[in-house]
Structures are given as structure tokens and as C-alpha cells.
There are 2 protein chains.
Amino acid sequence: LTPELALVATSVQAWKQNVERAEKRFFPLDDEQLGKAVAPGKNRLIYLWGHLVGVHDGMLPLLALGPRRFPELEAIFVTASDRAVEELPGAAQLKSMWDEVHAALLTGWRDWTAADWAAPHTAVSAEDFAANPLRNRLAILLSRTSHMSYHLGQAQLAPR
Amino acid sequence: LTPELALVATSVQAWKQNVERAEKRFFPLDDEQLGKAVAPGKNRLIYLWGHLVGVHDGMLPLLALGPRRFPELEAIFVTASDRAVEELPGAAQLKSMWDEVHAALLTGWRDWTAADWAAPHTAVSAEDFAANPLRNRLAILLSRTSHMSYHLGQAQLAPR
């Protein structure tokens with residue numbers, strides 16, 4: 001294992017660890033439990049979970065791995081705040097979308113080298129990337145890992 | 001910039017972005033504001049902030065950058081839960097400790113190559129590292145970045 005491949009594998013491992021934490025937190029909950037807010041007046045668990053599915057789905061095009069699988073999630077869980085949309089997907093639907101998105105990401109990254117991770121993501125122009133080579137695919141992975149952990153910290157506060 | 005150095009710089013950048021978010025959240029608060037809990041009955045902001053200083057201080061020995069600067073924080077903010085210890089450091093003291101710990105970390109990493117980051121941290125034996133080379137220094141950086149973001153998500157919920 002070269003240092004550069006060790007760094008890549010370590011970054012993907014950190015992502016997977018947070019994905020597994022999210023699965024432990026959200027997968028066992030039924031629709032009623034998912035309706036609980038993390039604190040009085042704050043986001044509900046169902047919203048946080050759907051928000052993570054929607055944001056992670058958006059990583060597919062950002063990392064040049066194909067189109068979003070579930071573009072409808074953007075309006076429900078990313079653009080809109082919680083309680084702005086009446087009909088949300090249920091637990092079973094979210095789990096199925098979650099599994100599909102995360103499988104697609106892991107499959108997409110399977111053979112990526114350090115150079116692949118250091119390449120520009122699709123939302124940065126060639127000019128901007130030349131000025132700031134840290135606007136790369138790894139930056140997307142790390143910022144989405146932090147983002148997931150941020151909301152997991154909130155989800156941990158919800159009453160059991 | 002080689003791919004491997006871009007990956008290193010991207011990982012340190014993700015750390016710094018979260019450190020800056022923490023500073024924006026905690027630095028403006030006085031002792032009274034820091035006494036607020038993130039949600040009814042949950043950790044207070046002062047505890048979360050001290051917890052982050054203590055955990056980040058513990059990164060120094062883990063990354064072979066010298067001893068903890070403030071070993072007393074471990075008992076107050078890591079081993080003990082919130083409200084178990086009566087006398088906590090105040091805002092000014094925490095800020096000064098925060099600054100010292102983060103400056104020491106950034107100085108320590110300044111010239112680290114990919115091989116330095118892929119080296120074992122100090123809490124893993126040579127044998128265990130041989131079996132799992134992902135127990136490296138980057139894994140510490142990424143797990144502490146996630147940990148910080150987890151608690152920042154909670155801190156964001158506190159009443160203003």
C-alpha cells in the first residue's frame with residue numbers, strides 16, 4: 001500500500017464509518033419515531049435523513065458518476081425546510097433510496113487513484129481549479145462526511 | 001502540486017474549515033451564553049467547547065507532536081459528563097487554550113508529506129498497524145474533524 005493509496009482508503013473509510021453510524025441511527029426507526037424532532041421546534045428525524053439522502057445523491061453528478069438517482073429529493077429535503085412539504089417519503093422508501101445512492105457511490109470510487117480524487121469536481125471551472133487545486137473530488141467527500149456527522153450529532157439528541 | 005500533496009492539503013483544509021466554524025460559534029459568547037444547553041437537559045455549550053479543546057489537545061501525543069498542553073482538561077471535559085464538575089474554565093481561558101492547541105497542531109503538520117500522514121499514530125502497535133495500515137495519522141485527523149462537526153451540529157441548536 002503506497003502512502004497515497006493509504007490516504008485515499010483512509011478517507012473512504014471515514015465516509016463509510018459515518019454512513020454506518022447513520023444506518024444505525026435511522027434504519028431501526030418506524031415512521032412514527034422518524035416524526036420526532038431533534039429538539040423542540042427543530043428539524044424532525046425524517047427530514048434529516050431525507051436531507052442526507054438528497055445531499056449524497058447530489059454527489060453522483062458532482063463526482064462525475066452519473067445523474068442523480070432521485071432528483072425529486074432536492075425540492076423536498078434540500079431547498080425546502082422541514083414541515084414546508086406535507087407529503088414526505090416514508091421509512092421504507094428512504095431506506096431503499098439510501099441503499100441505492102450509497103452503493104452507487106462506493107462502486108464509483110472503487111478503483112479511484114489519488115489522481116482521480118485530486119481531480120476537479122464537476123462544479124468547478126478549469127480556470128478556478130487552476131487557481132485553487134483543493135477544489136477537488138476529495139474536498140467533496142470530506143465536506144459531505146462532515147455534513148453527515150453534523151446532522152448525526154443533532155439526530156443523537158432526539159428523544160428515544 | 002502532486003496528487004498526494006493535494007490530498008494532504010485538502011484534508012488539512014477540511015480540518016481548518018471546521019475549526020473556523022467552531023471559532024465563529026464559540027468565540028463571540030460570554031460565560032452566561034456558554035451556560036446555555038443545546039436542548040433541554042442536554043450538554044451546555046461551555047461543555048461542548050471544552051470537550052473539543054480537550055480532545056484536540058489529545059491529538060498532540062497521538063500524532064507524536066509532544067505532550068498534551070492541558071492534561072487537566074481530560075478529567076473535566078472528556079471523562080466527566082457535563083454538570084459532573086462544578087468549576088469549569090471560563091470563556092477567556094478556553095479561548096486561550098483553544099488557540100494554543102490549534103496553533104501547535106498546524107505547526108506540527110506544516111511540512112508533513114503523504115508518508116508522514118500515512119504513518120501509524122502512537123496508539124497503535126507495530127503489529128496492529130501491519131494488519132491494518134488505515135490506523136494512521138490521517139485517520140486521527142479525519143475522525144477528529146467528524147467529531148468536531150458532530151458537536152457543532154449540536155451547538156447550532158442552542159437558543160440564541
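How many salt bridges does the rule find across the interface of chain A and chain B? I looked this up in what is a predicted model, and the count across that interface is 0.

**Entry on the interface.** I noted next that 36 residues from chain A and 36 residues from chain B take part in the contact, and that the area buried between the two chains is about 2,900 Å², with 71% of it given by carbon and sulfur atoms. For polar contacts between chain A and chain B, I found 10 residue pairs, both residues being at pLDDT 80 or more. On the side of chain A that touches chain B, the elements giving two or more residues are helix 1, helix 7 and helix 9 of chain A, and by class this side has 22 nonpolar, 12 polar and 2 charged residues.

**Entry on salt bridges.** Over all chains I counted 11 salt bridges in the structure. In chain A, the side chains of A:D99 and A:K95 meet at 2.7 Å, N to O; these two residues are 4 apart in helix 6, which means that about one helical turn separates them. I then looked at B:D82, which forms a salt bridge with B:R83 at 3.6 Å between the closest N and O atoms; B:D82 is buried, with a relative accessible area of 9%, whereas B:R83 is partly exposed at 46%.

**Entry on helix 5 of chain B.** Here I listed B:L73, B:I76 and B:F77 as the buried residues, and they line one face of the helix because, seen down its axis, they fall within an arc of 80°. I also noted that the buried residues of helix 5 pack against helix 3 and helix 6 of chain B.

Definitions and conventions:
Residues are numbered from 1 along each chain as its sequence is written. Chains are lettered from A and ligands numbered from 1 in the order in which they are written. This is a predicted model: local features need pLDDT of at least 70, side-chain atom pairs count only at pLDDT 80 or more; totals for chains, interfaces and linings use all residues. Side-chain values use heavy atoms; hydrogens and water are left out. Contact means heavy atoms within 4.5 Å. Buried area is the accessible area (1.4 Å probe) that two parts lose on being put together, summed over both. A salt bridge is a side-chain nitrogen of Lys or Arg within 4 Å of a carboxyl oxygen of Asp or Glu. A polar contact is a pair of N or O atoms within 3.5 Å; within protein, one must be able to donate a hydrogen and the other to accept it, and residues adjacent in sequence count only if both atoms are side-chain atoms. Ala, Val, Leu, Ile, Met, Phe, Trp, Tyr, Cys and Pro count as nonpolar, Asp, Glu, Lys and Arg as charged, and the others, Gly among them, as polar. Buried means under 20% relative accessible area, exposed over 50%, partly exposed in between (1.4 Å probe, protein chains only). The arc is that of the directions from the helix axis to the C-beta atoms.
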